[in-house]
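Good morning, and thank you for the time. Please take a moment with the sequence and the coordinates before I begin.

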Number of protein chains: 2
Amino acid sequence: MKLSERKKKILRCVVADYIAEAQPVSSKSITEKYMKDISSATVRSELAGLEEMGYLNQLHTSSGRVPSIEAYKLYVTELMDRSKLSSKETGMIREAFKDHVDNLEEVVQNAVKVISELTDYTSVALSGHSGEEEIIKIDLFRYRKTQALLLVVTENTLIRDKFIEIPENMTDGQIQDAGRMLNRLFGGKKLKEALSLGQVAREEIESYKEIFDGVMDAIEDYIVRNKADVITEGEGKILNHPEYNNDAEKVKNFLSVVTSKEKLFDLLKEKDDGIEVNIRIGGGQKENMPEDCSLVTATYSASGVEIGTYGVIGPLRMDYRKVVSVLEGVGKVLEDIMKNKKD
Amino acid sequence: MKLSERKKKILRCVVADYIAEAQPVSSKSITEKYMKDISSATVRSELAGLEEMGYLNQLHTSSGRVPSIEAYKLYVTELMDRSKLSSKETGMIREAFKDHVDNLEEVVQNAVKVISELTDYTSVALSGHSGEEEIIKIDLFRYRKTQALLLVVTENTLIRDKFIEIPENMTDGQIQDAGRMLNRLFGGKKLKEALSLGQVAREEIESYKEIFDGVMDAIEDYIVRNKADVITEGEGKILNHPEYNNDAEKVKNFLSVVTSKEKLFDLLKEKDDGIEVNIRIGGGQKENMPEDCSLVTATYSASGVEIGTYGVIGPLRMDYRKVVSVLEGVGKVLEDIMKNKKD
DNA sequence: GTTAGCACTCTTTGTGCCCGACTGCTAACT
DNA sequence: AGTTAGCAGTCGGGCACAAAGAGTGCTAAC
């Protein structure tokens with residue numbers, strides 16, 4: 001069977017109505033609300049077709065239709081129109097970033113907060129470090145007999161601290177010397193460059209091999225998995241939505257993901273390159289994706305540097321239209337801010 | 001009316017049984033399970049007395065009794081006996097700290113995790129810094145034209161980074177000079193000392209007043225409210241307990257506190273001095289305490305230095321006996337570890 | 001291809017009823 | 001005076017049943 005234009009239109013109505021009302025959608029309500037020109041009987045036969053094609057489900061014989069996962073997917077890729085934010089909403093976004101634009105940490109906090117407030121879903125973020133940030137300074141000093149504290153300071157306010165093992169007989173002078181060496185070698189380089197540079201340089205620096213390895217570890221650790229930079233807001237918002245209201249098991253599942261920075265990191269790190277807004281619907285394949293959930297993410301960058309992946313996680317029956325427009329709206333404001341900040 | 005010994009015994013039975021079964025307790029079940037020597041009619045008249053005294057409530061005529069907040073309070077202070085942990089449980093605690101005892105952050109993580117697992121409640125921690133830690137090093141360097149990055153490194157792995165404003169015309173040399181000055185002044189001092197020292201020294205250092213103020217701010221900020229050190233685990237565990245299973249509003253309230261580091265910090269910072277285990281039952285007076293919740297906390301210290309406040313937050317009907325023994329058990333192991341670490 | 005009409009299905013809601021779980025009270029007992 | 005057995009009274013939970021309502025699929029006519 002082919003998806004005729006009318007079928008598409010009807011499917012769009014069903015999904016949109018179900019998102020808005022959280023109730024199975026009947027043929028009658030479609031004709032009354034959206035398509036006064038045709039009769040409910042016609043819609044009924046179209047609905048039967050859509051159900052056969054796998055886009056709709058029926059809870060029982062005499063109930064209205066509910067969208068399937070496939071329907072949601074089609075909806076966000078083809079059927080959904082984009083909405084504009086109201087001026088009140090854009091105002092709220094601008095307001096959120098009024099202060100504290102200096103500190104990236106706070107910027108991210110504010111972004112996550114305003115996203116959660118505007119969408120009424122749980123929002124999450126992974127602040128960006130694709131390895132493109134420059135190393136401003138490396139600092140190294142003795143902490144205990146066999147341990148030194150390593151600090152790697154990059155632009156974007158980000159600091160990585162890590163303890164590394166050092167030989168017991170190392171003098172303070174040698175540690176300082178090693179620190180100078182590290183700064184000479186890595187200062188001004190991008191993290192990514194430093195990582196590949198490390199493969200080559202390792203041979204040259206015999207004397208401080210242990211320290212050197214520690215630094216490389218720290219940088220790799222930082223690029224590959226920095227769970228500390230996962231931020232969440234509005235974890236309890238899931239309970240505002242009826243599908244989670246009487247299902248403790250579902251809520252528990254959801255929370256076990258949303259409150260685990262490791263699991264969220266796993267979900268957020270996979271961003272499709274170049275796609276502005278990425279929508280993942282339904283669990284299934286992805287290990288850490290909670291059952292019956294959707295994740296909508298957007299990755300922002302300014303002047304070529306990624307500044308983070310922001311997203312919203314919630315039920316399948318999510319207001320994708322609104323979520324997408326909020327994420328885009330925040331993205332625009334964020335871009336402006338980062339541009340001005342550069343000066 | 002006086003609280004006779006028998007009344008106390010019966011009240012203990014009611015509270016213990018209610019904690020175990022989550023069901024109103026009847027006079028019959030008391031005689032059958034705990035007090036075979038007297039009849040249910042006798043227990044009934046005692047229960048009526050206890051109810052009049054405000055220790056018990058009845059949901060409706062012909063239902064069993066449920067403990068009041070007062071009853072819980074009496075239970076934990078007077079009636080409850082302490083339990084020993086099983087060897088399996090102490091084993092689990094030791095196991096949890098097997099590795100990573102070097103990094104205080106991970107120690108705290110593990111503590112919180114094992115507490116949550118053993119008790120089946122949400123557990124929280126505030127790693128300790130009463131201001132007793134020594135400043136090991138202060139580092140200062142230019143970040144942007146009018147900003148410098150300040151690092152304060154203390155023992156216990158704790159690092160505080162903060163941006164401070166600097167005069168635009170300050171040279172790199174001056175910044176370094178200021179850094180040296182700060183190290184000379186504060187190095188080796190305890191945070192608290194540094195804070196009071198600051199009041200005096202400020203006058204002497206006219207040249208770097210702005211920087212100096214920034215440092216004092218950072219230290220104060222750190223001592224007074226370091227929300228970054230609030231850690232939680234098992235947020236969803238609340239749903240394992242029937243009183244929260246069908247009350248989305250209650251869960252939302254609970255989560256809004258447990259997922260807010262600020263609110264948790266407010267709750268955890270108030271620790272009664274010298275009391276080993278602190279039990280706060282019921283919301284009411286405390287602003288950030290969720291309705292109908294209890295918070296059991298223990299503050300650990302080793303060699304006179306506080307290493308943190310750990311706790312469990314959950315329903316009024318909490319297994320106080322188990323929670324207290326787990327907190328004590330973890331405390332002992334933690335103390336051992338910190339003692340060994342000092343070497 | 002579309003529509004009106006109708007029979008059918010299934011859920012939801014409300015009602016009455018009974019059963020069981022407790023209590024409180026009273027009168028008798030120790 | 002304290003304790004106990006027995007009994008009447010209260011309330012919630014569960015079940016059956018009926019009625020109402022929502023929505024569909026099918027058919028025959030347009």
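I will go through the conventions, then the single chain, then the relation between the copies, and finally the cysteines.

This is a predicted model, in which local features require pLDDT of at least 70 and side-chain atom pairs pLDDT 80 or more, while totals for chains, interfaces and linings use all residues. Residues are numbered from 1 along each chain as written, chains are lettered from A and ligands numbered from 1 in order of writing, and side-chain values use heavy atoms, leaving out hydrogens and water.

Chain A contains 12 helices and 10 strands, taken as DSSP runs (H or I of at least four residues for helices, E of at least two for strands), numbered from the N terminus. Of its 343 residues, 51% count as buried; buried means under 20% relative accessible area, exposed over 50%, and partly exposed in between, with a 1.4 Å probe and protein chains only.

Now to the copies. A turn of 180 degrees with a shift of 0.1 Å along the axis lays chain A on chain B at an RMSD of 0.1 Å, superposed by least squares on C-alpha atoms of residues with pLDDT of at least 70 in both. That is the relation of a two-fold axis. Within chain A, N246(A) comes closest to the rotation axis, its C-alpha lying at 3.1 Å.

Lastly, how many disulfides does the whole structure hold? The search finds zero over all chains, the criterion being a pair of cysteine sulfur atoms within 2.5 Å. C293(A) counts as buried, at 0% relative accessibility, and C293(B) is buried with a relative accessible area of 0%.
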